[in-house]
Amino acid sequence: MLNVSKQSTNRVNIELNGSLDAIDMRVGLDALIEYSKDVSHGQMLYKISDFSFPSLGAIGVEMSLLPSMFSLLGKYDKCAVLCDTSWLRTAAEIEGALFPGIDIKSFEFNEDSEAEAWLLTNE
């Protein structure tokens, strides 16, 4: 399941739980693109639990939307990733180092308050 919700004008939350098929991926990414249209200097809170690799169909949907996904990078300044899997937290921070303009920091899944506080700082 991929659930995307708009919390405020410049804040989007994403929840990823379990496996994703092509339909789940399309619905989730379409929502993210729609909710991000008017965002500038945005913040994102990304919660990942019970991670499973997405289906090949889901990966195909993501690849077809890559141009739209790359355009989102300039809309967000910070992304806090909450995850119970250490290698995913590391991968998120590496991704943040590869894409200029967005600061990505990962947290243990139960560190909600720390992630929220970090999103609100000007660091």
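Let me begin with Cys83, which counts as buried at 0% relative accessibility, where buried means under 20% relative accessible area, exposed means over 50% and partly exposed lies in between, with a 1.4 Å probe and protein chains only. Before going on, I should say that this is a predicted model, in which local features need pLDDT of at least 70 and side-chain atom pairs count only at pLDDT 80 or more, while totals for chains, interfaces and linings use all residues. Residues are numbered from 1 along each chain as its sequence is written, and side-chain values use heavy atoms, with hydrogens and water left out.

Back to the cysteines. Cys79 is buried as well, with a relative accessible area of 5%. Why is there no bond between Cys79 and Cys83? The sulfur of Cys79 is 12 Å from the closest cysteine sulfur, in Cys83, and that is too far for a bond. A search of the whole structure finds zero disulfides, a disulfide being a pair of cysteine sulfur atoms within 2.5 Å.

Now to the interior. The largest nonpolar core has 24 residues, and those with the most contacts inside it are Leu2, Ile14, Leu32, Tyr76 and Val81; such a core is a set of buried Ala, Val, Leu, Ile, Met, Phe, Trp, Tyr and Cys residues joined through side-chain atoms within 4.5 Å. Among the elements that give two or more residues to this core are β1 (2-8), β2 (11-18), α1 (22-35) and β3 (42-51), the helices (H or I, at least four residues) and strands (E, at least two) being DSSP runs numbered from the N terminus. If we leave aside neighbours within four places in sequence, Leu32 is in contact with Val4, Val12, Ile14, Met44, Met69, Leu72 and Tyr76, contact meaning heavy atoms within 4.5 Å.

A second, separate core of seven residues includes Leu82, Phe107, Ala115 and Leu119. Phe107 also belongs to an aromatic pair, and the count of such pairs comes to one. The rings of Phe107 and Trp118 have their centres 6.2 Å apart and their planes at 55°, so the pair is tilted; by the rule used, rings of Phe, Tyr and Trp (its six-membered ring) pair if their centres lie within 6.5 Å, and planes under 30 degrees apart count as stacked, over 60 as edge-to-face and the rest as tilted. Because Phe107 lies in strand β5 (residues 103-108) and Trp118 in helix α5 (residues 112-120), the pair ties together parts that are eleven residues apart in sequence. Both Phe107 and Trp118 are buried.

Turning to the strands, β1 and β2 pair in the antiparallel sense over six bridges, where pairing requires that DSSP finds at least two bridges between two strands. A hairpin joins β1 to β2 through two residues, and the bridge partner of Lys6 in β2 is Val12. Six of the eight residues of β2 are buried, so this strand is largely enclosed by the rest of the structure.

Finally, consider the loop between α1 and β3, where Ser36 is found. Is Ser36 buried or exposed? At 0% relative accessibility, Ser36 counts as buried. The side chains of Ser36 and Tyr76 are joined by a polar contact of 2.6 Å, that is, a pair of N or O atoms within 3.5 Å, of which, within protein, one must be able to donate a hydrogen and the other to accept it, with residues adjacent in sequence counting only if both atoms are side-chain atoms. His41 lies in that loop between α1 and β3 too, but His41 is exposed, with a relative accessible area of 59%.
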